[in-house]
Amino acid sequence: MAPTTDSRPWHMPTYAPVPVTFVRGAGTELWDTEGRRYLDFLCGLAVTGLGHSHPVVAEAIAVQAATLMHVSNLYGNVVAPEVAATIDRLLGGGGQVFFTNSGAEANECAIKLARKWGGRGRHVVVSAYGSFHGRTLATLHATGQPAKHETFQPLPEGFRHVPLNDLDALEGALDPSVTAVLLEPLQGEGGVWPADPDYLRGVRRLCDERGALLMMDEVQTGLGRTGRWFGFEHAGIRPDVVQLAKALGNGMPIGACWARADVAAVFEPGDHGTTYGGQPLATSAARATLAVMEAEDVPARADRAGARLAEGLAGLPGVVDVRGLGLLLGAELAEGIDAKEIAAVALDAGLVVNPITPTALRLAPPLLVGDHEIDEALAILDAVLRERAQPS
Ligand SMILES: *Cc1c(COP(=O)(O)O)cnc(C)c1O
């Protein structure tokens, strides 16, 4: 009984029918219901940064599940403070953390924090066109993709969008009602478009001049993915607020909102909360994930592996441009090649990649991916593209 297409008859139709159903994973490899093996160059959308079923993370979860899973935030637990301290250290210190269950919730926390920090009349959050910040009503409005807004109007007010990498446009948008600028250092869902380091330095300067917070959505880019611990490091800046999620639990749902301590200090008991956020089970996965990430120096590994992958992609037939940072790469395909079709054929051939735009593939393999796995993935893509890129 191997389901092929519509294996989810009881699920709401928010996703297209799935082409494959996975049952097991280890490192970069996945296996489906029919026992077929795949190389995972997407990582569940940049989540399983250490690869599937990492033994240290799996062991930590199993031990914690048998010890203490949940007590609520009315009481303390010994795991969450350790993880918060590690996140703060990685971000340079001087901040505090609020744990969530997802990236959207990490951004919700940042938006609420910015509103309280700004005070009445100063509540607008400026973000970029093409951005992605989540699917809740507020983070949907922060998401700079107007086509996604229409169906769900009216959305919470107080959001404004500007073109990415256009400092004049941002300057024009920063009136006294603006409390924060919210940016991804590299737009992931929007198509793998990096923010210019010069632009980010300019944004930092404008935020300082106008007294607005700079909030970096590092949900997809954070924790080594771009070849640095955080994407904003490529610009040499320091944000005031940083949102994390995806890779933080290596598959365990967990997010975090970090803020400079004097900004975080505007929150009082009752201003924000969560039932599950920061629970021992989820934070035990994050503690193990961060420990392995530090021991393996994942930013350096992503930087090196990313260079190999980018160089290989650039040499493939039908690839006209490669963009991105570290192991978050976009391969732009030649005119007439349909990214969706290429991704589907690659999947059939045993490689998971994502058609992030109609003309580009997104690749986000594990940060611990091996050279031989990169070469195997490139060989699969080469064969798939060679067929399609053939001049007819
Ligand atoms: C995935 C993503 C989110 C949303 O995270 P969820 O866990 O799906 O809520 C927010 N921001 C960015 C940059 C993302 O890539």
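# A walk through the model, starting at strand 11

Select Val 242 to begin: Val 242 stands opposite Trp 258 in strand 12. Strands here (E, at least two residues) and helices (H or I, at least four residues) are DSSP runs, numbered from the N terminus. What you have open is a predicted model: local features need pLDDT of at least 70, side-chain atom pairs count only at pLDDT 80 or more, and totals for chains, interfaces and linings use all residues. Residues are numbered from 1 along each chain as its sequence is written, and side-chain values use heavy atoms, with hydrogens and water left out.

**Stop 1: strand 11 and its partners**

Now select residues 241-244, which make up strand 11. Are its faces covered or not? Both are covered: Val 241 and Gln 243 on one side, and Val 242 and Leu 244 on the other, are all buried. Buried means under 20% relative accessible area, exposed means over 50%, and partly exposed is in between (1.4 Å probe, protein chains only).

Add residues 213-217, and you have strand 10, which runs parallel to strand 11 and is joined to it by three bridges. One pair to click on is Met 215 with its bridge partner Val 241. Then add residues 255-260: this is strand 12, antiparallel to strand 11, with four bridges between them. Two strands count as paired if DSSP finds at least two bridges between them. In general, strands of a sheet pair through backbone hydrogen bonds, either parallel or antiparallel.

**Stop 2: the loop with Met 252**

Follow the chain from strand 11 towards strand 12, and you'll find Met 252 in the loop between them. Met 252 counts as buried because its relative accessibility is 16%. Which residues does it touch, leaving aside neighbours within four places in sequence? They are Ile 61, Leu 281, Ala 282 and Ala 285; contact means heavy atoms within 4.5 Å. Pick Val 47 too: Val 47 and Met 252 are 205 residues apart in sequence, yet 8.9 Å apart in space, C-alpha to C-alpha.

**Stop 3: two cysteines**

Show Cys 109 and Cys 257. A disulfide is a covalent bond between the sulfur atoms of two cysteines. The cut-off used here is a pair of cysteine sulfur atoms within 2.5 Å. How many disulfides does a search of the whole structure find? Zero. For Cys 109, the nearest cysteine sulfur is that of Cys 257, 3.8 Å away, which is too far for a bond. Cys 109 is buried at 2% relative accessibility, and Cys 257 is buried with a relative accessible area of 2%.

**Stop 4: an open sheet and a helix**

Next, look for the open sheet of four strands in the order 13-14-17-16, with antiparallel pairing. Its edges are strand 13 (319-325) and strand 16 (354-357), each pairing on one side only. From one strand to the next, the twist averages 30°. Now select helix 11 (residues 298-314), which packs on this sheet and touches strand 13, strand 14 (328-333) and strand 17. The direction of helix 11 makes about 165° with that of strand 13. Axes are lines fitted to C-alpha atoms, for helices over the stretch in contact, and angles run from 0 to 180 degrees between N-to-C directions. Strand 17 (residues 360-363) pairs with strand 16 over three bridges; look there for Ala 360, the bridge partner of Thr 357.

**Last stop: zoom out**

Show everything, and you get 13 helices and 17 strands. Along its principal axes, the C-alpha trace spans about 60 × 55 × 40 Å. Of the 392 residues, 53% count as buried.
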